[in-house]
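Biologist: Before I rely on any label attached to this protein, I would like to hear how each one is justified. Could you set the values against the definitions as we go?

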Amino acid sequence: DRITANVAPVYWSDIGGLDTVRREILDIIQLPIQRPDLFPPGCPRRRAALLYGAPGTGKTLVAKAVATECGMSFLSVKGPELLDMYVGESERNVREVFARARKVAPCVLFFDELDSLAPARGRGGDGGGVMDRVVAQLLTEMDGLSSREGGAPKGGEGGAARDVFVLGATNRPDLLDPALLRPGRFDRKIYLSVCRDSVTRENILEAQTRKLTLEKGLSLGEVADALPGTLTGADIGALVSGAFTAAQQQTLHTLRSELELQVRRDLSLRAAGGGEGDEEERVEKEVAARLNRLPAKKLRVVVKRSDLLEAAERLVPSVSAQELQHYERLAQEYNDLASI
């Protein structure tokens, strides 16, 4: 329940396959920690899941939220960070990452951009076979997590290994080495799709605008209905950012106009007393000075419905129709019935 209550307001919604995904996350990560008595020694269980989908669908965010809500340590590694130009160093970096995860267990070890770290072997052109050895080392370490189950006393290496869970994220699951996707490794694949329904888009709008000041009577549901069904969470975040920028510019323009009228009135009174100088330059400097002295309450930006709709008209979805079809085919290929 904690996962649903805290993760859902960010990028997820209580529709579609969320309940199935929630159960999978609880079964893989939280349940073995809270109820180890339900898993007898030697009982095979999942300890890895792959999040895949188009860029901007919230894969990294989901991984961080899962670790936070489960009360576990979180180690995030981007694939290219482990690669090294010297022979054997890349493999050693992979070993050290898993060693650190076992030391801080219970831990969620998150590999971002996994396709750059574990591409399909035999297709690379690196000459020395570095990537093939890195993939082999990664497979060995993941197998080591399962092989140590129940094989050591509590607090030892085996106990730490039982409490290490691996999450991977990629935009291109089709580029991964097939050995990574077999049962016992990343056998659970979770597809994060674009925001096809209005409820999901409204939830994201609420999350993105929760710290902004909205005009009274603004219905985010109506704005969500006006948005296309091909936007990602990142696209909606960019939409809100654009709307806020437009509202901010309008607020500053209004304040400048009001201050300019006041300054010109004040300067005309002074000019009657014999003042001299370039009036336009004096007006500009005085307006800027008064604008800087305004309290924060006066500079508050109110985002209107028109700002959001105008930003939506200018927004171009980051995922094209062809790319979306590609991801949908992958989801069907992986038989991912619990996609969100």
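Biologist: Why is the contact between glutamate 96 and arginine 92 called a salt bridge?

Modeller: A salt bridge requires a side-chain nitrogen of Lys or Arg within 4 Å of a carboxyl oxygen of Asp or Glu, and the closest N and O atoms of glutamate 96 and arginine 92 are 2.5 Å apart, so the pair meets the definition. This is a predicted model, in which local features need pLDDT of at least 70 and side-chain atom pairs count only at pLDDT 80 or more, while totals for chains, interfaces and linings use all residues. Side-chain values use heavy atoms, with hydrogens and water left out, and residues are numbered from 1 along each chain as its sequence is written.

Biologist: Where do glutamate 96 and arginine 92 lie?

Modeller: Both lie in helix H4 (residues 89–103), four residues apart, which is about one turn of the helix; helices here are DSSP runs of H or I with at least four residues, strands are runs of E with at least two, and both are numbered from the N terminus.

Biologist: What makes glutamate 96 "partly exposed" rather than buried or exposed?

Modeller: Buried means under 20% relative accessible area and exposed means over 50%, with partly exposed in between, using a 1.4 Å probe and protein chains only. Glutamate 96 has a relative accessible area of 32%, and arginine 92 likewise has 32%, so each counts as partly exposed.

Biologist: How do you know that aspartate 177 and arginine 121 form a salt bridge, and which parts of the chain does the pair link?

Modeller: Their closest N and O atoms are 3.0 Å apart, which satisfies the salt-bridge criterion. The pair links distant parts of the chain, 56 residues apart, with aspartate 177 in the loop between strand E4 (164–170) and strand E5 (188–192) and arginine 121 in the loop between helix H5 (114–117) and helix H6 (130–147). Aspartate 177, at a relative accessible area of 4%, is buried, whereas arginine 121, at 37%, is partly exposed.

Biologist: What makes the meeting of arginine 290 and aspartate 266 a salt bridge?

Modeller: The N to O distance is 2.8 Å, which again satisfies the criterion. Arginine 290 belongs to helix H11 (residues 279–293) and aspartate 266 to helix H10 (residues 233–272), so this pair too links distant parts of the chain, 24 residues apart. Arginine 290 counts as buried at 14% relative accessibility, and aspartate 266 as partly exposed at 24%. Elsewhere, salt bridges that share partners join Glu89, Arg92 and Glu96 into one network, and the whole structure holds 17 salt bridges.

Biologist: How many aromatic pairs are there, and why is the pair of phenylalanine 98 and phenylalanine 111 called tilted?

Modeller: There are three aromatic pairs. Rings of Phe, Tyr and Trp (its six-membered ring) pair if their centres lie within 6.5 Å, with planes under 30 degrees apart counted as stacked, over 60 as edge-to-face and the rest as tilted. The centres of phenylalanine 98 and phenylalanine 111 are 5.8 Å apart and their planes stand at 35°, so the pair is tilted. Because phenylalanine 98 lies in helix H4 and phenylalanine 111 in strand E3 (residues 107–112), the pair ties together parts that are 13 residues apart in sequence. Phenylalanine 98 is buried at 0% relative accessibility, as is phenylalanine 111 at 1%.

Biologist: How do you know that the charged end of arginine 47 sits over the ring of phenylalanine 165?

Modeller: The definition asks for NZ of Lys or CZ of Arg within 6 Å of the ring centre and within 35 degrees of the ring normal, and the charged end of arginine 47 is 5.9 Å from the centre of the phenylalanine 165 ring.

Biologist: Why can the buried residues of H12 be said to line one face of the helix?

Modeller: In helix H12 (residues 305–314), Asp307, Leu308, Ala311 and Ala312 are buried. Seen down the axis of H12, these buried residues fall within an arc of 135°, so they line one face; the arc is that of the directions from the helix axis to the C-beta atoms. The face turned away from the buried side carries the exposed residues Glu313 and Arg314.

Biologist: Which residues does aspartate 174 touch?

Modeller: Aspartate 174 touches His326, Leu330 and Tyr334, not counting residues up to four places away in sequence, where contact means heavy atoms within 4.5 Å.
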